[in-house]
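User: Could you take a close look at one part of this model for me? I'd like the helix packing in the middle of the chain, plus whatever stands out around it.

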Amino acid sequence: AEERLRGYPLKPFVGVRPPALAFALAWLPGGETSARILIGALGAAVAGLWTVRLMGPLGSPGGALGGLAVATGVIAAFTPSSYLMHECWAGLLIALSLALHPGDRRTGRMGLLAASLLTGLAAGLIRELAIPFLGVMALMALVERRPKEALLWAGAIGLCLLALLGHALAVAPHILPTDQGVAWVRMGGWGFLLSADRWNAVVPLRPALAVVLLPPALAGALAWSGPAGRRLWFTLLGYAAGFLVVGRPEDTYWGLMITPLL
C-alpha cells in the first residue's frame, strides 16, 4: 500500500523488496543505532580483510595501498541511510564472502569456506541481485574440480530461490490490475555503468574520475590469477556486463553491489 501510494512499480513482484533485511532490522536490539554500528563494522571488516588478502599478490606496501582503495569503496556503509539500503548490505557481504574464501588454502579451509558460504547466502537472501555471485562461486568450484564445494554453493542458490518464491507468493495477493509495472532491460550501456560507480568516495570529488578509474579497475581484476583472482574478475565483469543491459536510469544505486570490490 505504501509503494502504491508513492507511485512505485509493483509488477513484477521483485519491485517489492524481499523481507529478510526488514525482519533483521526489526529484530535487532538497539534499533537504528545498532544497525548503523553493524553496517559500519561490516564495511571496516571488508576493508581490513581485503588489505590482508591483497598483501599476498602485492606485498605489504601494495596491500596497504590496495586496502586504501577498498576503503574508498566501502564509504557508503558510513552514510546515514546506508543501513536501509539492501544493495549496500548485499555488496558488502559479497565482498566479505570473497575475502573469506579459502582458495587453495588447506589449513582451516572448512571454517573459511563455511564463513564465505554463509556470508554469500546472506547477501542473496537480502537482495536477489546477489544470486549471480553465488553462481560465480559455484562455477569456479566446478572449474577447480571441487564438486562438493560447488554443490554447497548450488544449495545456497536453491535456498535463495525458494525464499524468492515464498516472497512472490506473499506479494501476489496484494497486487492490483491497476498497479504499475516496470521493465528493467533498458540498454543503458557505458553511461549507466559509469553512473553506477558514483558510490566510490573518490568519484563525487570529480565525476569525470569514473571515466578514468573504472576501466583500469576492471582490467586490473583480469591481471590477478588464481582462485581469488578468477572469482574477482568473473564477479566484476559479470555484473558490469549485466549493468550495460539491465537497469533503469534511477537504478544506479545497484552499483553498490560491486563498489566495494571495484
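Analyst: What follows is a walk through one helix and its partners, then the loops and a few other spots.

Keep in mind that this is a predicted model. Let's start with α6, which runs over residues 131-143. It has 13 residues, and its first and last C-alpha atoms are 19 Å apart, close to the 18 Å expected at 1.5 Å a residue. Quite a list of its residues is buried: I131, F133, L134, V136, M137, A138, M140 and A141. What do they pack against? The buried residues of α6 pack against α4 (86-100), α5, α7 and α10.

Of those partners, α7 deserves the longest look. This helix covers residues 147-171. The axes of α6 and α7 are 8 Å apart and the helices pack at an angle of about 160°. Angles over 145 degrees count as roughly antiparallel, and therefore α6 and α7 are roughly antiparallel to each other. Their crossing is left-handed. On the α6 side the contact is made by I131, L134, G135, M137, A138, A141 and L142, and on the α7 side by E149, A150, W153, A154, A156, I157, C160 and L161.

Two of those names make a nice pair to pull up on screen. A154, in helix α7, sits 19 residues from G135 in sequence, yet their C-alpha atoms are 7.3 Å apart in space. Is A154 buried, exposed or partly exposed? With 37% relative accessibility, A154 counts as partly exposed.

Now for the other partner of α7. Helix α5 (residues 109-126) packs with α7 at an angle of about 25°, and their axes are 9 Å apart. Here the angle is under 35 degrees, and so α5 and α7 are roughly parallel to each other. The crossing of α5 and α7 is right-handed, whereas that of α6 and α7 is left-handed. From α5, the residues that meet α7 are R109, L113, S116, L117, L121, G124 and L125; their counterparts in α7 are E149, L152, W153, A156, L159, C160 and A163. If you set the two contact lists side by side, E149, W153, A156 and C160 of α7 turn up in the one with α5 and also in the one with α6.

What joins α6 to α7 is worth a stop too. In the loop between them lies R145, and its phi is near 60°, a positive value in a residue other than glycine. Most residues other than glycine have a negative phi, and most peptide bonds are trans. R145 has 76% relative accessibility and so counts as exposed.

Go past the other end of α7 and you'll find a similar case. M187 belongs to the loop between α7 and α8, and here phi is near 55°, again positive in a residue other than glycine. At a relative accessible area of 57%, M187 is exposed. And on the subject of backbone oddities, the peptide bond from K11 to P12 is cis, with omega near -5°. P12 is in the loop between α1 (2-5) and α2 (20-27).

Further along the chain, α9 takes in residues 209-222. Its 14 residues should span 20 Å at 1.5 Å a residue, and the end C-alpha atoms are 21 Å apart, which agrees. The buried residues in α9 are A210, L214, L218 and A221. Looking down the helix axis, these fall within an arc of 60°, so they line one face of α9. In general, an α-helix has 3.6 residues a turn, so residues three or four places apart point the same way. The buried residues of α9 pack against α8 (189-196) and α10 (226-245).

Finally, the segment after α10 holds two charged residues that are worth clicking on: R248 and D251. Are they buried or exposed? D251 is buried, at a relative accessible area of 1%, and R248 is buried as well, at 13%. Leaving aside neighbours within four places in sequence, D251 is in contact with W184 and F192. R248 touches P9, V182, A183, W184, R186 and F192, again not counting residues up to four places away in sequence. W184 and F192 thus appear among the contacts of D251 and among those of R248.

Key
Residues numbered from 1 in each chain as written. Predicted model: local features only at pLDDT ≥ 70, side-chain atom pairs only at ≥ 80, totals over all residues. Heavy atoms only, no water. Helix = DSSP H or I, 4+ residues; strand = E, 2+ residues; numbered from the N terminus. Expected span 1.5 Å × (residues − 1). Buried < 20%, exposed > 50% of the residue type's maximum accessible area, 1.4 Å probe, protein only. Arc of directions from axis to C-beta. Contact = heavy atoms within 4.5 Å. Axes fitted to C-alpha atoms, helices over the stretch in contact; angles between N-to-C directions. Parallel < 35°, antiparallel > 145°, perpendicular 65-115°, else oblique. Left-handed = near helix turned anticlockwise from the far one by under 90°.
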